[in-house]
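Hi everyone, thanks for coming. Please pull up the sequence and the 3D view on your screens, and we can walk through them together.

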Amino acid sequence: MSGADIVGGITGRIYEGGNIKYSYFTGDAQASDLCSGIVAYVDIGNSSKSKSVEINSCYTNGSLNGSEPYAIISKYNLNNSSDVYISLNNNYYSSGTSENGTPDNLVGCTRLSDNALKACADMLADEFLPDLDMMNNGYPVFEWELVPYQFKGDGTLDSPYQISTKEDLYGLSRNIVV
């Protein structure tokens, strides 16, 4: 995706507060100015009310091209107000995406190697699962994105599921909810 000034993989701008959680961006983003995998610009500093932005359990490994490419947030305006804050928790980005997650290296954003990012589903949140089927190039996916395993049989008393190979056993393990 590309844009003139502000491009974010999830959203270009958050204005006067908001939340982003359980999200990921794996594409390519390009802007002449601010470019980010999650949010390009957080602007909550002009508010007279208490406002916050929370970004939790997100990751990006997309390609970013802009004058200020940061993996999670490219720029923010808090206007030095004590009633306004950004909370970042449990966010990850690929070492190939950007040198930094945010300006000023705000805590809550961790840079990982590509292999570590592919293996971080359990660190993100319960909503993410490992991409064992390689539908997202090995990067974590949501459970609803996975294609259900097709067993022989239909799971009834007359035609029970048949587990006869290690692939069948693996397919069964993916369908067990603990």
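I'll go through a small sheet, then the aromatic rings, then the salt bridges, and finally two polar residues. Before we start, please keep in mind that this is a predicted model.

Let's begin with the sheet. Find strands β1, β5 and β9: these three form an open sheet, in the order β1-β5-β9, and the pairing is parallel. Because β1 and β9 stand at the edges with a single partner strand each, one side of each is left without a neighbour in the sheet. If you are new to sheets, here is the general idea: strands pair through backbone hydrogen bonds, and they can do so in a parallel or an antiparallel way.

Now zoom in on how the strands line up. β1, which covers residues 2-3, pairs with β5 over two bridges. One position to click on is Gly3, whose bridge partner in β5 is Ala31. On the other flank, β5 is joined to β9, residues 63-65, by three bridges. Here you can see Asp28 standing opposite Ser63, and Gln30 standing opposite Asn65.

While you have β5 on screen, which of its side chains are buried, and which are not? Follow residues 28-31 and you'll see an alternation. Ala29 and Ala31 point to one face and are buried, while Asp28 and Gln30 point to the other face and are not.

Next, the aromatic rings. How many aromatic pairs does a search of the whole structure find? The search finds six. I'd like to show you two of them, and both involve Tyr24.

In one pair, Tyr24 meets Phe128: the ring centres are 6.4 Å apart and the planes are at 55°, so this pair is tilted. Tyr24 sits in strand β4, residues 18-25, and Phe128 in strand β15, residues 128-129, so the pair ties together parts that are 104 residues apart in sequence. Tyr24 and Phe128 are both buried.

In the other pair, Tyr24 meets Phe142, and this one is tilted too, with 5.5 Å from centre to centre and 35° between the planes. Phe142 belongs to strand β16, residues 141-142, while Tyr24 is in β4, so here the parts tied together are 118 residues apart in sequence. Phe142 is buried, just as Tyr24 is.

If you now colour Tyr24, Tyr59, Phe128, Phe142 and Trp144, you'll be looking at one aromatic cluster.

On to the charged side chains. A search of the whole structure finds two salt bridges.

Glu16 and Lys51 make one of them, with 3.9 Å from N to O. Glu16 lies in the loop between β3 and β4, and Lys51 lies in strand β8, residues 51-60, so this pair ties together parts that are 35 residues apart in sequence. Are these two buried or exposed? They fall in the middle: Glu16 is partly exposed, with a relative accessible area of 29%, and Lys51 is partly exposed as well, at 21%.

Glu99 and Arg111 also meet in a salt bridge, with 3.5 Å from N to O. This pair links distant parts of the chain, twelve residues apart: Glu99 is in the loop between β13 and β14, and Arg111 is in strand β14 itself. Glu99 is exposed, with a relative accessible area of 56%, whereas Arg111 is partly exposed, at 37%.

That leads us to a charged residue without such a partner. Asp43 lies in strand β7, residues 39-43. Asp43 is buried yet has no salt bridge, and the nearest side chain of opposite charge, Arg13, is 5.1 Å away. What does Asp43 have instead? Its side chain makes a polar contact of 3.0 Å with the side chain of Asn77. Leaving aside neighbours within four places in sequence, Asp43 is in contact with Ile14, Tyr15, Glu16 and Asn77. You'll recognise Glu16 there from its salt bridge with Lys51.

The last stop is Ser87, in strand β12, residues 84-89. Its relative accessibility is 18%, so Ser87 counts as buried, since the cut-off is under 20%. The side chains of Ser87 and Asn89 are joined by a polar contact of 3.1 Å. Again leaving aside neighbours within four places in sequence, Ser87 is in contact with Val53, Glu54, Ile55 and Asn56.

Thanks for listening, and feel free to keep turning the structure around.

How values were computed: Residues are numbered from 1 along each chain as its sequence is written. This is a predicted model: local features need pLDDT of at least 70, side-chain atom pairs count only at pLDDT 80 or more; totals for chains, interfaces and linings use all residues. Side-chain values use heavy atoms; hydrogens and water are left out. Buried means under 20% relative accessible area, exposed over 50%, partly exposed in between (1.4 Å probe, protein chains only). Helices (H or I, at least four residues) and strands (E, at least two) are DSSP runs, numbered from the N terminus. Two strands pair if DSSP finds at least two bridges between them. Lys and Arg count as positive and Asp and Glu as negative; His and the chain ends are not counted. A salt bridge is a side-chain nitrogen of Lys or Arg within 4 Å of a carboxyl oxygen of Asp or Glu. A polar contact is a pair of N or O atoms within 3.5 Å; within protein, one must be able to donate a hydrogen and the other to accept it, and residues adjacent in sequence count only if both atoms are side-chain atoms. Contact means heavy atoms within 4.5 Å. Rings of Phe, Tyr and Trp (its six-membered ring) pair if their centres lie within 6.5 Å; planes under 30 degrees apart count as stacked, over 60 as edge-to-face and the rest as tilted.
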